[in-house]
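This briefing goes through one protein model by topic. It begins with a single exposed residue and then moves to the overall fold, two helices and the loops.

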Amino acid sequence: MTDQDFHRIKRLPPYVFAEVNAMKAVARARGEDIIDLGMGNPDGPPPKHVIEKLTEAAQNPRSHGYSTSRGIPGLRRAQAAYYQRRFGVELDPESELVVTIGSKEGLANLAQAITSPGDIILVPNPSYPIHMFGFIIAGAAIRSLPITPGTDFMDVLERAVRHSVPKPTALVLNYPSNPTAEVVDLDFYRPIVKFCREHGIWILSDLAYAEIYFDTAPPPSILAIPEARDIAVEFTSLSKTYSMAGWRIGFAAGNKRLIAALARVKSYVDYGAFTPLQVAATAAINGPQDFVDEMRARYRLRRDTLVEGLRAAGWPVEKPEASMFVWAPIPEPFARGGSLAFSKLLLEEAGVAVAPGIGFGEYGDGHVRIALVENHQRIRQACKAIKTFLSRRRNDPQPASLRVDTLKAVS
(Lines give C-alpha, C1' and ligand atoms only; values in the text may rest on other atoms or scores of the structure.)
Protein backbone atom coordinates (compact mmCIF):
# COMPACT_ATOMS: atom_id res chain seq x y z
CA MET A 1 0.00 0.00 0.00
CA THR A 2 1.28 3.47 -0.89
CA ASP A 3 0.19 7.01 -0.15
CA GLN A 4 -1.51 6.96 -3.58
CA ASP A 5 -4.18 4.72 -2.04
CA PHE A 6 -5.52 7.68 -0.05
CA HIS A 7 -8.31 9.54 -1.83
CA ARG A 8 -7.21 13.10 -1.12
CA ILE A 9 -3.54 12.38 -1.80
CA LYS A 10 -4.48 10.95 -5.20
CA ARG A 11 -6.02 14.30 -6.11
CA LEU A 12 -2.74 16.15 -5.54
CA PRO A 13 -0.26 16.18 -8.44
CA PRO A 14 3.49 15.85 -7.89
CA TYR A 15 4.87 19.05 -6.37
CA VAL A 16 6.54 20.74 -9.34
CA PHE A 17 8.83 22.89 -7.20
CA ALA A 18 10.27 19.75 -5.58
CA GLU A 19 12.23 18.91 -8.74
CA VAL A 20 14.05 22.24 -8.75
CA ASN A 21 14.53 22.03 -4.97
CA ALA A 22 16.09 18.58 -5.29
CA MET A 23 18.53 19.82 -7.94
CA LYS A 24 19.37 22.82 -5.78
CA ALA A 25 20.13 20.59 -2.79
CA VAL A 26 22.41 18.35 -4.85
CA ALA A 27 24.28 21.33 -6.32
CA ARG A 28 24.84 22.83 -2.88
CA ALA A 29 26.03 19.47 -1.58
CA ARG A 30 28.68 19.63 -4.32
CA GLY A 31 29.76 22.98 -2.90
CA GLU A 32 28.26 25.11 -5.68
CA ASP A 33 27.12 28.65 -4.92
CA ILE A 34 23.43 28.73 -5.81
CA ILE A 35 21.64 32.08 -5.85
CA ASP A 36 18.17 31.12 -4.71
CA LEU A 37 15.45 33.35 -6.16
CA GLY A 38 12.84 30.61 -6.11
CA MET A 39 10.87 30.82 -2.86
CA GLY A 40 9.33 34.07 -1.59
CA ASN A 41 11.09 33.77 1.75
CA PRO A 42 12.14 37.14 3.27
CA ASP A 43 15.87 37.17 3.98
CA GLY A 44 15.95 39.68 6.84
CA PRO A 45 14.78 39.62 10.48
CA PRO A 46 11.65 41.30 11.85
CA PRO A 47 11.89 44.73 13.53
CA LYS A 48 14.08 44.77 16.63
CA HIS A 49 11.31 45.92 18.96
CA VAL A 50 9.13 43.02 17.81
CA ILE A 51 11.82 40.44 18.65
CA GLU A 52 12.31 42.13 22.03
CA LYS A 53 8.58 41.90 22.72
CA LEU A 54 8.63 38.20 21.81
CA THR A 55 11.50 37.62 24.24
CA GLU A 56 9.72 39.53 26.99
CA ALA A 57 6.44 37.70 26.49
CA ALA A 58 8.13 34.30 26.36
CA GLN A 59 9.72 34.95 29.77
CA ASN A 60 6.28 35.14 31.35
CA PRO A 61 5.72 31.67 32.86
CA ARG A 62 1.98 31.97 32.25
CA SER A 63 2.38 32.45 28.50
CA HIS A 64 3.29 28.86 27.61
CA GLY A 65 -0.10 27.20 27.88
CA TYR A 66 -2.69 26.79 25.18
CA SER A 67 -3.64 29.97 23.39
CA THR A 68 -7.01 30.58 21.73
CA SER A 69 -7.87 29.45 18.23
CA ARG A 70 -9.53 32.77 17.33
CA GLY A 71 -6.44 34.74 18.38
CA ILE A 72 -5.85 36.85 21.47
CA PRO A 73 -8.18 39.87 21.76
CA GLY A 74 -5.37 42.43 21.66
CA LEU A 75 -4.10 41.16 18.32
CA ARG A 76 -7.58 41.14 16.80
CA ARG A 77 -8.11 44.71 17.98
CA ALA A 78 -4.74 45.73 16.52
CA GLN A 79 -5.65 44.28 13.12
CA ALA A 80 -9.04 45.99 13.20
CA ALA A 81 -7.25 49.29 13.87
CA TYR A 82 -4.91 48.59 10.94
CA TYR A 83 -7.88 48.10 8.61
CA GLN A 84 -9.34 51.39 9.78
CA ARG A 85 -6.07 53.30 9.24
CA ARG A 86 -5.07 51.68 5.98
CA PHE A 87 -8.33 50.98 4.17
CA GLY A 88 -10.95 53.03 5.98
CA VAL A 89 -12.74 49.79 6.86
CA GLU A 90 -14.32 49.29 10.29
CA LEU A 91 -14.26 45.74 11.57
CA ASP A 92 -15.70 44.17 14.70
CA PRO A 93 -12.72 42.25 16.17
CA GLU A 94 -15.13 39.86 17.88
CA SER A 95 -17.22 38.79 14.89
CA GLU A 96 -15.34 39.89 11.75
CA LEU A 97 -11.73 38.89 12.51
CA VAL A 98 -9.90 35.65 13.20
CA VAL A 99 -6.15 35.22 13.68
CA THR A 100 -4.83 32.43 11.47
CA ILE A 101 -1.61 30.43 11.53
CA GLY A 102 -0.53 32.14 8.34
CA SER A 103 -2.86 32.88 5.46
CA LYS A 104 -2.40 29.37 3.97
CA GLU A 105 -3.89 27.77 7.06
CA GLY A 106 -6.79 30.19 7.01
CA LEU A 107 -7.55 29.55 3.35
CA ALA A 108 -7.31 25.77 3.76
CA ASN A 109 -9.49 25.65 6.87
CA LEU A 110 -12.11 27.96 5.39
CA ALA A 111 -12.20 25.67 2.36
CA GLN A 112 -12.90 22.78 4.72
CA ALA A 113 -15.63 24.80 6.43
CA ILE A 114 -17.62 25.88 3.38
CA THR A 115 -17.04 23.13 0.81
CA SER A 116 -19.16 20.09 0.06
CA PRO A 117 -17.87 17.29 -2.19
CA GLY A 118 -18.31 18.28 -5.82
CA ASP A 119 -18.71 22.00 -5.21
CA ILE A 120 -17.25 24.13 -7.99
CA ILE A 121 -14.70 26.76 -7.00
CA LEU A 122 -13.49 29.45 -9.41
CA VAL A 123 -9.74 30.03 -9.24
CA PRO A 124 -7.65 32.25 -11.52
CA ASN A 125 -4.92 30.46 -13.44
CA PRO A 126 -2.04 31.05 -12.82
CA SER A 127 -2.39 31.47 -9.08
CA TYR A 128 -0.72 30.59 -5.78
CA PRO A 129 -1.10 26.80 -5.27
CA ILE A 130 -3.11 26.91 -2.00
CA HIS A 131 -5.86 28.84 -3.78
CA MET A 132 -6.57 25.74 -5.82
CA PHE A 133 -5.34 22.85 -3.72
CA GLY A 134 -6.88 23.98 -0.44
CA PHE A 135 -10.26 23.39 -2.06
CA ILE A 136 -9.17 20.23 -3.87
CA ILE A 137 -8.16 18.74 -0.51
CA ALA A 138 -11.60 19.72 0.79
CA GLY A 139 -13.26 17.74 -2.02
CA ALA A 140 -14.18 20.54 -4.43
CA ALA A 141 -13.90 20.64 -8.20
CA ILE A 142 -11.85 23.53 -9.57
CA ARG A 143 -12.84 25.58 -12.60
CA SER A 144 -9.80 27.54 -13.73
CA LEU A 145 -10.21 31.09 -14.96
CA PRO A 146 -7.46 31.60 -17.57
CA ILE A 147 -6.01 35.00 -16.77
CA THR A 148 -3.37 36.09 -19.26
CA PRO A 149 -2.25 39.58 -20.34
CA GLY A 150 -5.14 41.51 -21.86
CA THR A 151 -7.80 39.19 -20.42
CA ASP A 152 -11.15 40.78 -19.49
CA PHE A 153 -11.70 39.28 -16.02
CA MET A 154 -15.45 39.89 -15.97
CA ASP A 155 -15.86 38.24 -19.36
CA VAL A 156 -13.98 35.16 -18.16
CA LEU A 157 -15.92 35.10 -14.88
CA GLU A 158 -19.33 35.41 -16.51
CA ARG A 159 -18.52 32.69 -19.03
CA ALA A 160 -17.31 30.34 -16.28
CA VAL A 161 -20.46 30.82 -14.20
CA ARG A 162 -22.70 30.43 -17.25
CA HIS A 163 -21.16 27.07 -18.12
CA SER A 164 -20.72 25.65 -14.61
CA VAL A 165 -23.03 22.93 -13.28
CA PRO A 166 -23.66 23.08 -10.38
CA LYS A 167 -23.41 26.81 -9.75
CA PRO A 168 -19.99 27.82 -8.36
CA THR A 169 -19.72 28.16 -4.59
CA ALA A 170 -16.79 30.56 -4.30
CA LEU A 171 -14.33 32.70 -6.21
CA VAL A 172 -10.70 33.23 -5.17
CA LEU A 173 -8.99 36.57 -5.86
CA ASN A 174 -5.38 37.58 -5.19
CA TYR A 175 -4.14 41.13 -5.83
CA PRO A 176 -1.32 42.08 -5.79
CA SER A 177 -0.99 38.72 -7.43
CA ASN A 178 1.36 35.91 -6.58
CA PRO A 179 2.86 34.98 -9.02
CA THR A 180 2.09 37.63 -11.65
CA ALA A 181 2.46 40.79 -9.48
CA GLU A 182 -0.63 42.28 -11.17
CA VAL A 183 -2.36 45.06 -9.20
CA VAL A 184 -5.96 46.27 -9.35
CA ASP A 185 -8.04 49.11 -7.93
CA LEU A 186 -11.49 49.27 -6.36
CA ASP A 187 -13.08 49.78 -9.77
CA PHE A 188 -11.86 46.29 -10.67
CA TYR A 189 -13.56 44.78 -7.62
CA ARG A 190 -16.93 46.57 -7.90
CA PRO A 191 -18.47 44.63 -10.83
CA ILE A 192 -17.12 41.37 -9.40
CA VAL A 193 -18.78 42.04 -6.04
CA LYS A 194 -22.05 42.97 -7.75
CA PHE A 195 -21.98 39.86 -9.95
CA CYS A 196 -21.11 37.47 -7.11
CA ARG A 197 -23.82 38.91 -4.85
CA GLU A 198 -26.37 38.37 -7.60
CA HIS A 199 -25.25 34.76 -8.10
CA GLY A 200 -24.71 33.83 -4.45
CA ILE A 201 -20.97 33.24 -4.83
CA TRP A 202 -18.59 33.74 -1.90
CA ILE A 203 -15.38 35.71 -2.52
CA LEU A 204 -12.08 34.83 -0.85
CA SER A 205 -9.54 37.61 -1.34
CA ASP A 206 -5.84 37.03 -0.61
CA LEU A 207 -4.19 40.38 0.20
CA ALA A 208 -0.85 39.08 1.48
CA TYR A 209 1.17 41.67 -0.48
CA ALA A 210 -0.85 44.75 0.51
CA GLU A 211 2.20 46.64 1.79
CA ILE A 212 4.73 45.80 -0.94
CA TYR A 213 3.99 48.33 -3.67
CA PHE A 214 6.19 50.70 -5.65
CA ASP A 215 4.87 52.74 -8.57
CA THR A 216 1.17 52.47 -7.86
CA ALA A 217 -1.38 53.59 -5.30
CA PRO A 218 -1.52 51.43 -2.16
CA PRO A 219 -3.44 48.26 -3.06
CA PRO A 220 -7.03 48.41 -1.77
CA SER A 221 -9.06 46.00 0.30
CA ILE A 222 -12.14 44.50 -1.33
CA LEU A 223 -13.88 45.15 2.00
CA ALA A 224 -13.73 48.88 1.25
CA ILE A 225 -16.75 48.17 -0.98
CA PRO A 226 -19.64 48.07 1.54
CA GLU A 227 -21.58 45.38 -0.34
CA ALA A 228 -18.56 43.07 -0.22
CA ARG A 229 -19.20 42.48 3.48
CA ASP A 230 -22.21 40.37 2.42
CA ILE A 231 -20.11 37.79 0.57
CA ALA A 232 -16.37 38.33 1.05
CA VAL A 233 -13.61 37.40 3.44
CA GLU A 234 -10.04 38.65 3.07
CA PHE A 235 -6.76 37.09 4.14
CA THR A 236 -3.73 39.12 5.18
CA SER A 237 -0.42 38.21 6.76
CA LEU A 238 2.54 39.67 8.64
CA SER A 239 4.92 37.35 6.78
CA LYS A 240 6.11 39.77 4.10
CA THR A 241 5.23 43.13 5.68
CA TYR A 242 7.40 42.56 8.76
CA SER A 243 9.66 39.69 7.59
CA MET A 244 7.81 37.32 9.92
CA ALA A 245 7.20 34.42 7.52
CA GLY A 246 8.27 31.72 9.98
CA TRP A 247 6.09 33.16 12.73
CA ARG A 248 2.94 32.09 10.87
CA ILE A 249 0.67 34.96 11.87
CA GLY A 250 -2.12 35.91 9.51
CA PHE A 251 -5.73 37.08 9.59
CA ALA A 252 -9.12 36.46 8.04
CA ALA A 253 -11.48 39.43 8.02
CA GLY A 254 -14.90 40.19 6.64
CA ASN A 255 -18.24 38.42 6.32
CA LYS A 256 -19.47 37.31 9.75
CA ARG A 257 -20.88 34.02 8.51
CA LEU A 258 -17.61 33.01 6.85
CA ILE A 259 -15.58 34.14 9.86
CA ALA A 260 -17.81 32.13 12.19
CA ALA A 261 -17.43 29.05 9.98
CA LEU A 262 -13.65 29.39 9.95
CA ALA A 263 -13.55 29.94 13.72
CA ARG A 264 -15.69 26.82 14.26
CA VAL A 265 -13.35 24.61 12.23
CA LYS A 266 -10.28 26.11 13.90
CA SER A 267 -11.74 25.42 17.34
CA TYR A 268 -11.55 21.72 16.51
CA VAL A 269 -8.13 21.59 14.84
CA ASP A 270 -5.84 24.08 16.61
CA TYR A 271 -5.33 26.19 19.72
CA GLY A 272 -3.94 29.17 17.83
CA ALA A 273 -0.38 30.39 17.47
CA PHE A 274 1.96 30.53 20.48
CA THR A 275 0.76 33.42 22.65
CA PRO A 276 4.13 35.28 22.78
CA LEU A 277 4.15 35.29 18.96
CA GLN A 278 0.74 36.94 19.00
CA VAL A 279 1.82 39.47 21.61
CA ALA A 280 4.85 40.39 19.49
CA ALA A 281 2.68 40.53 16.35
CA THR A 282 0.49 43.05 18.16
CA ALA A 283 3.60 45.15 18.79
CA ALA A 284 4.44 44.99 15.08
CA ILE A 285 1.05 46.32 14.00
CA ASN A 286 0.70 48.94 16.73
CA GLY A 287 4.31 50.07 16.84
CA PRO A 288 6.46 52.34 14.64
CA GLN A 289 6.16 51.57 10.93
CA ASP A 290 9.60 52.75 9.77
CA PHE A 291 10.46 49.11 9.09
CA VAL A 292 7.69 48.85 6.49
CA ASP A 293 8.97 51.89 4.61
CA GLU A 294 12.51 50.47 4.67
CA MET A 295 11.23 47.06 3.51
CA ARG A 296 9.48 48.68 0.57
CA ALA A 297 12.59 50.64 -0.40
CA ARG A 298 14.71 47.49 -0.15
CA TYR A 299 12.46 45.53 -2.50
CA ARG A 300 12.29 48.47 -4.89
CA LEU A 301 16.10 48.52 -5.16
CA ARG A 302 16.19 44.78 -5.73
CA ARG A 303 13.43 44.97 -8.31
CA ASP A 304 15.22 47.71 -10.24
CA THR A 305 18.55 45.85 -10.06
CA LEU A 306 17.00 42.61 -11.32
CA VAL A 307 14.92 44.14 -14.12
CA GLU A 308 17.76 46.31 -15.40
CA GLY A 309 20.20 43.41 -15.17
CA LEU A 310 17.94 41.02 -17.06
CA ARG A 311 17.23 43.59 -19.74
CA ALA A 312 20.98 44.14 -20.16
CA ALA A 313 21.35 40.38 -20.49
CA GLY A 314 18.88 40.37 -23.39
CA TRP A 315 15.94 39.12 -21.34
CA PRO A 316 13.19 41.76 -21.55
CA VAL A 317 10.96 41.75 -18.44
CA GLU A 318 8.44 44.22 -17.07
CA LYS A 319 8.88 46.06 -13.77
CA PRO A 320 6.26 44.85 -11.30
CA GLU A 321 4.29 47.57 -9.54
CA ALA A 322 3.89 45.50 -6.39
CA SER A 323 4.78 42.23 -4.62
CA MET A 324 8.24 40.72 -4.15
CA PHE A 325 8.28 38.90 -7.49
CA VAL A 326 9.14 39.45 -11.12
CA TRP A 327 6.93 37.39 -13.46
CA ALA A 328 9.29 36.85 -16.36
CA PRO A 329 8.32 35.39 -19.75
CA ILE A 330 10.71 32.64 -20.78
CA PRO A 331 13.08 34.15 -23.34
CA GLU A 332 13.04 32.88 -26.88
CA PRO A 333 14.06 30.35 -28.04
CA PHE A 334 13.79 28.55 -24.66
CA ALA A 335 10.00 28.92 -24.39
CA ARG A 336 9.26 25.78 -26.40
CA GLY A 337 10.67 23.58 -23.64
CA GLY A 338 8.38 24.98 -20.95
CA SER A 339 9.07 26.57 -17.59
CA LEU A 340 10.26 23.48 -15.69
CA ALA A 341 12.92 22.61 -18.27
CA PHE A 342 14.06 26.23 -18.42
CA SER A 343 14.24 26.48 -14.62
CA LYS A 344 16.35 23.33 -14.45
CA LEU A 345 18.66 24.61 -17.17
CA LEU A 346 19.04 27.97 -15.43
CA LEU A 347 19.96 26.25 -12.18
CA GLU A 348 22.32 23.77 -13.79
CA GLU A 349 24.21 26.20 -16.02
CA ALA A 350 23.85 29.62 -14.35
CA GLY A 351 23.57 28.61 -10.68
CA VAL A 352 20.32 30.59 -10.27
CA ALA A 353 17.15 29.02 -8.88
CA VAL A 354 13.74 30.36 -9.93
CA ALA A 355 10.20 29.00 -9.65
CA PRO A 356 8.78 27.39 -12.82
CA GLY A 357 5.50 29.00 -13.85
CA ILE A 358 3.83 25.63 -14.42
CA GLY A 359 3.75 25.26 -10.63
CA PHE A 360 1.11 28.00 -10.55
CA GLY A 361 -1.11 26.43 -13.22
CA GLU A 362 -0.88 25.52 -16.89
CA TYR A 363 -1.40 29.13 -17.96
CA GLY A 364 1.80 30.02 -16.14
CA ASP A 365 4.00 27.66 -18.12
CA GLY A 366 5.34 30.43 -20.36
CA HIS A 367 6.90 32.23 -17.39
CA VAL A 368 9.14 31.81 -14.38
CA ARG A 369 8.70 33.61 -11.08
CA ILE A 370 11.80 35.34 -9.72
CA ALA A 371 11.73 36.30 -6.03
CA LEU A 372 13.50 39.40 -4.72
CA VAL A 373 14.94 37.56 -1.73
CA GLU A 374 18.67 38.19 -2.14
CA ASN A 375 20.45 41.51 -1.64
CA HIS A 376 21.02 43.66 -4.68
CA GLN A 377 24.71 42.64 -4.97
CA ARG A 378 23.72 38.98 -5.18
CA ILE A 379 20.96 39.85 -7.64
CA ARG A 380 23.51 41.69 -9.77
CA GLN A 381 25.70 38.57 -9.61
CA ALA A 382 22.73 36.45 -10.70
CA CYS A 383 22.10 38.74 -13.67
CA LYS A 384 25.73 38.42 -14.80
CA ALA A 385 25.52 34.63 -14.61
CA ILE A 386 22.24 34.67 -16.53
CA LYS A 387 23.75 36.94 -19.20
CA THR A 388 26.62 34.50 -19.70
CA PHE A 389 24.20 31.59 -19.83
CA LEU A 390 21.92 33.27 -22.38
CA SER A 391 24.84 34.27 -24.59
CA ARG A 392 26.19 30.75 -24.58
CA ARG A 393 22.84 29.07 -25.08
CA ARG A 394 21.16 31.49 -27.48
CA ASN A 395 21.88 29.33 -30.52
CA ASP A 396 21.61 26.02 -28.68
CA PRO A 397 18.57 26.28 -26.39
CA GLN A 398 17.87 22.60 -25.88
CA PRO A 399 18.77 21.44 -22.37
CA ALA A 400 22.07 19.68 -22.08
CA SER A 401 22.14 16.27 -20.47
CA LEU A 402 22.02 16.93 -16.77
CA ARG A 403 24.59 15.25 -14.58
CA VAL A 404 23.81 11.66 -13.65
CA ASP A 405 23.85 12.39 -9.92
CA THR A 406 21.38 15.25 -10.42
CA LEU A 407 19.02 13.05 -12.38
CA LYS A 408 19.16 10.39 -9.68
CA ALA A 409 18.38 12.98 -7.01
CA VAL A 410 15.39 14.33 -8.90
CA SER A 411 13.92 10.96 -9.87
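Tyr 15 counts as exposed, because its relative accessibility is 55% and the cut-off for exposed is over 50%. The model in which Tyr 15 is placed is predicted. Tyr 15 sits in the loop that joins helix H1 (7–10) to helix H2 (16–29). From Tyr 15 to Val 165 the C-alpha separation is 29 Å, with the two positions 150 residues apart along the chain.

**Overall fold**

- The protein contains 14 helices and twelve strands.
- The radius of gyration is 22 Å, which agrees with the value near 22 Å for a compact globule, because the protein has 411 residues.
- The C-alpha trace spans about 60 × 55 × 50 Å along the principal axes of the protein.
- Buried residues make up 55% of the 411 residues.
- Among contacts with a separation of 6 or more, 76% are between residues 24 or more positions apart.

**Surface and charge**

- The protein has an accessible surface of about 17800 Å², and carbon and sulfur atoms hold 53% of that surface.
- There are 48 positive and 44 negative charges, and the mean positions of the two sets lie 3 Å apart.

**Helix H4**

- Helix H4 covers residues 73–87, which is 15 residues.
- From first C-alpha to last, H4 reaches 21 Å, close to the 21 Å expected at 1.5 Å a residue.
- The buried residues of H4 include the aromatic side chains Tyr 82, Tyr 83 and Phe 87.
- Leu 75, Arg 76, Ala 78, Gln 79 and Ala 80 are also among the buried residues of H4.
- Three strands, S2 (97–100), S7 (232–237) and S8 (250–254), pack against the buried residues of H4, as does helix H10 (275–286).
- Gly 88 follows H4 and has a positive phi, near 70°.

**Helix H10**

- H10 has twelve residues and reaches 17 Å from its first C-alpha to its last, close to the 16 Å expected at 1.5 Å a residue.
- H10 is largely enclosed by the rest of the structure, because ten of its twelve residues are buried.
- The buried residues of H10 include four that follow one another, Ala 281, Thr 282, Ala 283 and Ala 284.
- Thr 275, Pro 276, Leu 277, Gln 278, Ala 280 and Ile 285 are also among the buried residues of H10.
- The buried residues of H10 pack against helix H3 (48–58), H4, S2 and S8.
- S2 and S8 pack against the buried residues of H4, and these two strands also pack against the buried residues of H10.

**Leu 91, between H4 and S2**

- Leu 91 lies in the loop between H4 and S2.
- The relative accessibility of Leu 91 is 10%, so this residue counts as buried, the cut-off being under 20%.
- Beyond its neighbours within four places in sequence, Leu 91 has contacts that include Ala 80 and Tyr 83, both of which are buried residues of H4.
- Glu 96, Leu 97, Leu 223, Arg 229, Ala 253 and Gly 254 are also among the residues in contact with Leu 91.
- Leu 91 and Asn 255 are 164 residues apart in sequence, and their C-alpha atoms are 9.8 Å apart in space.

**Cis peptide bonds**

- The bond from Asn 125 to Pro 126 is cis, with omega near 10°.
- Pro 126 is in the loop between strand S3 (120–125) and helix H6 (129–137).
- The bond from Val 165 to Pro 166 is cis, with omega near 0°.
- Pro 166 is in the loop between helix H7 (153–162) and strand S5 (170–174).

**Positive phi outside glycine**

- Ala 181 has a positive phi, near 70°, in a residue other than glycine.
- The loop between S5 and helix H8 (186–199) holds Ala 181, which counts as buried at 6% relative accessibility.
- Ser 323, also a residue other than glycine, has a positive phi near 75°.
- The loop between helix H11 (290–312) and strand S9 (325–329) holds Ser 323, which is buried with a relative accessible area of 0%.

Terms used: Residues are numbered from 1 along each chain as its sequence is written. This is a predicted model: local features need pLDDT of at least 70, side-chain atom pairs count only at pLDDT 80 or more; totals for chains, interfaces and linings use all residues. Side-chain values use heavy atoms; hydrogens and water are left out. The radius of gyration is taken over C-alpha atoms; the globule rule is 2.2 Å times the number of residues to the power 0.38. Buried means under 20% relative accessible area, exposed over 50%, partly exposed in between (1.4 Å probe, protein chains only). Contact means heavy atoms within 4.5 Å. Accessible areas come from the Shrake-Rupley method with a 1.4 Å probe; for residues, only the protein chains shown count as cover. Lys and Arg count as positive and Asp and Glu as negative; His and the chain ends are not counted. The place of a charge is taken as NZ of Lys, CZ of Arg, CG of Asp or CD of Glu. The expected span of a helix is 1.5 Å times one less than its number of residues.
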